[in-house]
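Me: I would like to go through this model term by term and ask what each label rests on. Please set each value against its cut-off before you conclude.

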Amino acid sequence: TLQWYFDAMEKSLADIYAEQGEDVDVCIIGHSIGGWVARSYLGGLSRSSTAVYRSTMERVSSLITLGTPHRAPETALVDQTRGLLRAVGESKECSAEGLKQKGISVTCVGSTAIQGTVLAKDIEEFVASVSYTPLLDDWKDITSNAGVRGDGIIPESLAFMDGCNRVEIELCSITGNKVRHAHVLPTPYNLWDPAAASISLPGEFCWYGSTGVVEKW
(Lines give C-alpha, C1' and ligand atoms only; values in the text may rest on other atoms or scores of the structure.)
Protein backbone atom coordinates (compact mmCIF):
# COMPACT_ATOMS: atom_id res chain seq x y z
CA THR A 1 0.00 0.00 0.00
CA LEU A 2 0.91 3.68 -0.17
CA GLN A 3 -0.01 4.48 3.42
CA TRP A 4 3.62 4.91 4.53
CA TYR A 5 4.06 7.60 1.86
CA PHE A 6 0.75 9.28 2.69
CA ASP A 7 1.69 9.43 6.38
CA ALA A 8 5.09 10.92 5.50
CA MET A 9 3.43 13.55 3.32
CA GLU A 10 1.01 14.54 6.06
CA LYS A 11 3.82 14.83 8.59
CA SER A 12 5.80 17.11 6.25
CA LEU A 13 2.72 19.21 5.47
CA ALA A 14 1.91 19.51 9.18
CA ASP A 15 5.46 20.79 9.78
CA ILE A 16 4.99 23.40 7.03
CA TYR A 17 1.69 24.63 8.48
CA ALA A 18 3.20 24.78 11.96
CA GLU A 19 6.10 26.89 10.69
CA GLN A 20 4.43 28.99 8.01
CA GLY A 21 0.83 29.10 9.15
CA GLU A 22 -2.18 27.50 7.49
CA ASP A 23 -2.64 30.44 5.11
CA VAL A 24 0.51 29.50 3.20
CA ASP A 25 0.13 28.78 -0.53
CA VAL A 26 1.51 25.30 -1.23
CA CYS A 27 3.02 23.81 -4.39
CA ILE A 28 3.79 20.11 -4.08
CA ILE A 29 6.77 18.85 -6.10
CA GLY A 30 7.17 15.10 -6.51
CA HIS A 31 10.11 13.30 -8.10
CA SER A 32 9.73 9.84 -9.64
CA ILE A 33 7.35 7.72 -7.52
CA GLY A 34 6.80 10.80 -5.36
CA GLY A 35 4.92 12.43 -8.22
CA TRP A 36 2.20 9.84 -8.49
CA VAL A 37 2.03 9.34 -4.73
CA ALA A 38 1.30 13.08 -4.41
CA ARG A 39 -1.18 12.83 -7.29
CA SER A 40 -3.04 9.99 -5.57
CA TYR A 41 -3.02 11.82 -2.22
CA LEU A 42 -4.47 14.98 -3.71
CA GLY A 43 -6.98 12.89 -5.65
CA GLY A 44 -8.33 11.45 -2.42
CA LEU A 45 -7.03 7.88 -2.62
CA SER A 46 -5.48 8.20 0.82
CA ARG A 47 -9.03 8.45 2.21
CA SER A 48 -7.60 10.78 4.82
CA SER A 49 -10.01 12.81 6.93
CA THR A 50 -7.38 14.63 9.01
CA ALA A 51 -7.20 18.37 9.57
CA VAL A 52 -3.91 18.35 7.66
CA TYR A 53 -5.59 16.84 4.59
CA ARG A 54 -8.45 19.36 4.75
CA SER A 55 -5.99 22.25 5.02
CA THR A 56 -3.96 20.85 2.17
CA MET A 57 -6.93 20.68 -0.18
CA GLU A 58 -7.60 24.34 0.62
CA ARG A 59 -3.99 25.51 0.31
CA VAL A 60 -2.42 23.51 -2.52
CA SER A 61 -2.57 25.40 -5.81
CA SER A 62 -0.23 23.30 -7.95
CA LEU A 63 1.44 19.91 -8.38
CA ILE A 64 4.70 19.51 -10.28
CA THR A 65 6.01 16.05 -11.11
CA LEU A 66 9.60 15.36 -12.18
CA GLY A 67 10.45 12.19 -14.07
CA THR A 68 7.30 10.51 -12.79
CA PRO A 69 5.77 7.43 -14.45
CA HIS A 70 2.10 8.35 -14.80
CA ARG A 71 0.89 5.23 -16.59
CA ALA A 72 1.28 1.49 -16.21
CA PRO A 73 0.41 0.16 -19.69
CA GLU A 74 -1.52 -3.11 -19.62
CA THR A 75 0.71 -4.40 -22.41
CA ALA A 76 3.93 -3.60 -20.53
CA LEU A 77 6.13 -6.55 -19.63
CA VAL A 78 6.22 -5.57 -15.95
CA ASP A 79 4.02 -3.56 -13.58
CA GLN A 80 6.52 -2.58 -10.90
CA THR A 81 3.75 -0.97 -8.81
CA ARG A 82 1.68 -4.19 -8.63
CA GLY A 83 -1.45 -2.44 -9.89
CA LEU A 84 -1.23 0.66 -7.69
CA LEU A 85 -0.30 3.07 -10.49
CA ARG A 86 -3.00 1.62 -12.73
CA ALA A 87 -5.58 2.31 -10.01
CA VAL A 88 -4.36 5.92 -9.78
CA GLY A 89 -4.58 6.28 -13.55
CA GLU A 90 -8.15 4.98 -13.62
CA SER A 91 -9.33 7.44 -10.98
CA LYS A 92 -10.97 10.55 -12.48
CA GLU A 93 -10.26 12.38 -9.23
CA CYS A 94 -6.53 11.81 -9.81
CA SER A 95 -6.53 13.02 -13.42
CA ALA A 96 -5.21 16.44 -14.40
CA GLU A 97 -8.78 17.54 -15.07
CA GLY A 98 -9.99 16.12 -11.75
CA LEU A 99 -7.26 17.96 -9.86
CA LYS A 100 -7.95 21.13 -11.84
CA GLN A 101 -11.55 21.01 -10.60
CA LYS A 102 -10.11 21.05 -7.08
CA GLY A 103 -8.15 24.20 -7.93
CA ILE A 104 -4.84 22.39 -8.47
CA SER A 105 -2.86 22.92 -11.68
CA VAL A 106 -0.66 20.04 -12.82
CA THR A 107 2.72 20.40 -14.53
CA CYS A 108 4.63 17.31 -15.64
CA VAL A 109 8.35 17.68 -16.34
CA GLY A 110 10.17 15.01 -18.31
CA SER A 111 13.61 14.74 -19.85
CA THR A 112 14.13 13.32 -23.34
CA ALA A 113 17.92 13.49 -23.15
CA ILE A 114 18.77 9.79 -22.92
CA GLN A 115 18.11 7.44 -25.82
CA GLY A 116 17.42 3.79 -25.20
CA THR A 117 18.12 1.41 -28.06
CA VAL A 118 19.24 -2.16 -28.60
CA LEU A 119 22.13 -0.70 -30.58
CA ALA A 120 23.45 1.18 -27.56
CA LYS A 121 26.64 3.16 -28.14
CA ASP A 122 27.59 3.40 -24.47
CA ILE A 123 26.72 2.05 -21.03
CA GLU A 124 24.23 4.85 -20.37
CA GLU A 125 22.17 4.02 -23.46
CA PHE A 126 22.31 0.34 -22.52
CA VAL A 127 21.05 1.04 -18.98
CA ALA A 128 18.30 3.25 -20.42
CA SER A 129 17.14 0.53 -22.79
CA VAL A 130 17.03 -1.97 -19.92
CA SER A 131 15.03 0.50 -17.81
CA TYR A 132 12.59 1.53 -20.55
CA THR A 133 11.83 -1.85 -22.12
CA PRO A 134 9.63 -3.44 -19.41
CA LEU A 135 7.63 -0.19 -19.03
CA LEU A 136 6.67 0.43 -22.66
CA ASP A 137 3.30 -0.14 -24.32
CA ASP A 138 5.21 -2.19 -26.90
CA TRP A 139 8.69 -3.35 -25.96
CA LYS A 140 9.57 -3.64 -29.65
CA ASP A 141 9.73 0.18 -29.82
CA ILE A 142 13.18 -0.10 -28.30
CA THR A 143 14.34 -2.03 -31.39
CA SER A 144 13.41 0.73 -33.87
CA ASN A 145 16.05 2.93 -35.47
CA ALA A 146 14.94 5.90 -33.37
CA GLY A 147 14.80 3.89 -30.16
CA VAL A 148 13.01 5.41 -27.16
CA ARG A 149 13.88 8.64 -25.38
CA GLY A 150 13.50 9.53 -21.72
CA ASP A 151 15.53 10.50 -18.66
CA GLY A 152 17.45 7.24 -18.46
CA ILE A 153 14.93 5.56 -16.16
CA ILE A 154 11.45 6.76 -17.20
CA PRO A 155 10.53 6.78 -20.91
CA GLU A 156 8.99 9.95 -22.31
CA SER A 157 5.69 8.19 -23.09
CA LEU A 158 4.96 7.68 -19.37
CA ALA A 159 6.13 11.03 -17.98
CA PHE A 160 3.16 13.20 -18.91
CA MET A 161 -0.45 13.10 -17.75
CA ASP A 162 -3.21 13.83 -20.25
CA GLY A 163 -4.24 17.46 -19.94
CA CYS A 164 -1.23 18.56 -17.90
CA ASN A 165 1.10 21.48 -18.50
CA ARG A 166 3.84 19.64 -20.37
CA VAL A 167 7.49 20.64 -19.94
CA GLU A 168 10.06 18.67 -21.92
CA ILE A 169 13.70 19.30 -21.13
CA GLU A 170 16.93 17.88 -22.47
CA LEU A 171 19.98 19.93 -21.53
CA CYS A 172 21.13 22.01 -18.59
CA SER A 173 21.17 25.68 -19.61
CA ILE A 174 24.45 26.28 -17.75
CA THR A 175 26.60 23.24 -18.50
CA GLY A 176 24.89 21.92 -21.63
CA ASN A 177 24.93 18.45 -20.06
CA LYS A 178 22.08 15.99 -20.45
CA VAL A 179 19.34 16.02 -17.84
CA ARG A 180 19.00 12.62 -16.18
CA HIS A 181 16.50 11.04 -13.83
CA ALA A 182 18.56 11.52 -10.69
CA HIS A 183 21.97 12.58 -9.38
CA VAL A 184 22.33 9.56 -7.08
CA LEU A 185 22.30 5.78 -7.27
CA PRO A 186 20.38 3.65 -4.76
CA THR A 187 22.21 1.09 -2.64
CA PRO A 188 21.06 -2.34 -1.39
CA TYR A 189 20.37 -0.68 1.97
CA ASN A 190 17.51 1.26 0.37
CA LEU A 191 15.56 -2.00 0.13
CA TRP A 192 15.33 -2.08 3.92
CA ASP A 193 15.52 1.64 4.63
CA PRO A 194 14.18 3.99 1.92
CA ALA A 195 15.71 6.93 3.80
CA ALA A 196 19.23 5.46 3.72
CA ALA A 197 21.87 7.55 1.96
CA SER A 198 22.37 6.87 -1.74
CA ILE A 199 25.59 7.10 -3.76
CA SER A 200 26.17 10.57 -5.22
CA LEU A 201 27.10 10.73 -8.91
CA PRO A 202 29.80 13.13 -10.21
CA GLY A 203 28.85 16.80 -10.29
CA GLU A 204 28.53 16.90 -14.08
CA PHE A 205 25.52 14.56 -13.87
CA CYS A 206 22.61 16.96 -14.12
CA TRP A 207 19.12 16.07 -12.98
CA TYR A 208 15.76 17.81 -12.58
CA GLY A 209 16.93 19.60 -9.43
CA SER A 210 20.22 20.93 -10.80
CA THR A 211 20.97 24.63 -11.16
CA GLY A 212 20.33 25.45 -14.80
CA VAL A 213 17.52 22.89 -14.96
CA VAL A 214 15.13 24.06 -12.22
CA GLU A 215 14.72 27.34 -14.10
CA LYS A 216 13.23 25.44 -17.04
CA TRP A 217 10.20 24.33 -15.03
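Reply: What follows takes the strands, the cores, the salt bridges, a pocket and two single residues in turn, and the model is a predicted one.

Me: What makes strand S2 largely enclosed by the rest of the structure?

Reply: Strand S2 covers residues 60–66, and six of its seven residues are buried. Buried stands for a relative accessible area under 20%, so with six of seven residues in that class S2 is largely enclosed by the rest of the structure.

Me: How do you know that strand S1 and S2 are paired, and in which sense?

Reply: Pairing asks for at least two bridges between the strands, and S1 (residues 26–31) shares six bridges with S2, in the parallel sense; therefore the two count as paired. Within this pair, Ile28 stands opposite Leu63 in S2.

Me: What makes S2 and strand S3 a pair?

Reply: S2 and S3 (residues 105–111) are joined over five bridges, again in the parallel sense, where at least two are required. Here Leu63 stands opposite Val106 in S3, while Ile28 stands opposite Leu63 in the pairing of S1 with S2.

Me: Which residues of the largest nonpolar core touch the most other members?

Reply: This core has 34 residues, and those that touch the most other members are Val26, Ile28, Tyr41, Leu42, Leu63, Ile104 and Val106. At least two residues of the core come from each of H1 (3–20), S1, H2 (33–42), H3 (51–59), S2, H4 (84–90), H5 (96–101) and S3, and the largest share, five residues, is supplied by H2. In soluble globular proteins, nonpolar side chains tend to be buried together.

Me: Which residues does Tyr41 touch, leaving aside those up to four places away in sequence?

Reply: With that exclusion, Tyr41 touches Phe6, Met9, Glu10, Leu13, Ser46, Val52, Tyr53 and Thr56. Apart from the largest core lies another one, of 11 residues, which include Ile64, Val109, Cys206 and Val213.

Me: Why is the contact between Asp15 and Lys11 called a salt bridge?

Reply: The cut-off is a side-chain nitrogen of Lys or Arg within 4 Å of a carboxyl oxygen of Asp or Glu, and the side chains of Asp15 and Lys11 meet at 3.5 Å, N to O; therefore the label applies. Because Asp15 and Lys11 are four residues apart in helix H1, about one helical turn separates them. Asp15 has a relative accessible area of 43% and is partly exposed, whereas Lys11, at 56%, counts as exposed, the limit for that class being over 50%.

Me: How do you know that Lys121 and Glu125 form a salt bridge, and is each of them buried or exposed?

Reply: Their side chains meet at 3.1 Å, N to O, against a limit of 4 Å. Lys121 is exposed with a relative accessible area of 66%, but Glu125, at 8%, counts as buried.

Me: What links Glu156, Arg166 and Glu168?

Reply: Glu156, Arg166 and Glu168 are linked in a network of salt bridges, and the structure holds nine salt bridges. Between Glu168 and Arg166 the closest N and O atoms are 2.8 Å apart, against the limit of 4 Å. Both residues are partly exposed, Glu168 at 43% and Arg166 at 46% relative accessible area.

Me: Which residues lie nearest the centre of the second largest pocket, and which element gives the largest share of its lining?

Reply: The pocket is lined by 13 residues, and Arg39, His70, Arg71, Gly89 and Asp162 lie nearest its centre. The largest share of the lining, four residues, comes from H4, and the space in this pocket is about 260 Å³.

Me: Why is Gly147 called buried?

Reply: Its relative accessible area is 16%, and buried means under 20%, so Gly147 falls in that class. Gly147 lies in the loop between helix H6 (123–132) and strand S5 (148–150), and leaving out residues up to four places away in sequence, Gly147 touches Gln115, Gly116, Thr117, Asp141 and Ile142.

Me: What makes Ser131 count as buried?

Reply: Ser131, in helix H6, has a relative accessibility of 19%, and as the class requires a value under 20%, Ser131 counts as buried. With residues up to four places away in sequence left out, Ser131 touches Gly152 and Ile153.

Key
Residues numbered from 1 in each chain as written. Predicted model: local features only at pLDDT ≥ 70, side-chain atom pairs only at ≥ 80, totals over all residues. Heavy atoms only, no water. Buried < 20%, exposed > 50% of the residue type's maximum accessible area, 1.4 Å probe, protein only. Core = buried A, V, L, I, M, F, W, Y, C linked by side-chain atoms within 4.5 Å. Contact = heavy atoms within 4.5 Å. 1 Å grid on protein atoms, 1.4 Å probe; cavity = no way out; pocket = protein on both sides within 12 Å on 5 of 7 lines; lining within 4 Å. Points joined across faces, edges and corners; volume = space filled by probe spheres on them.
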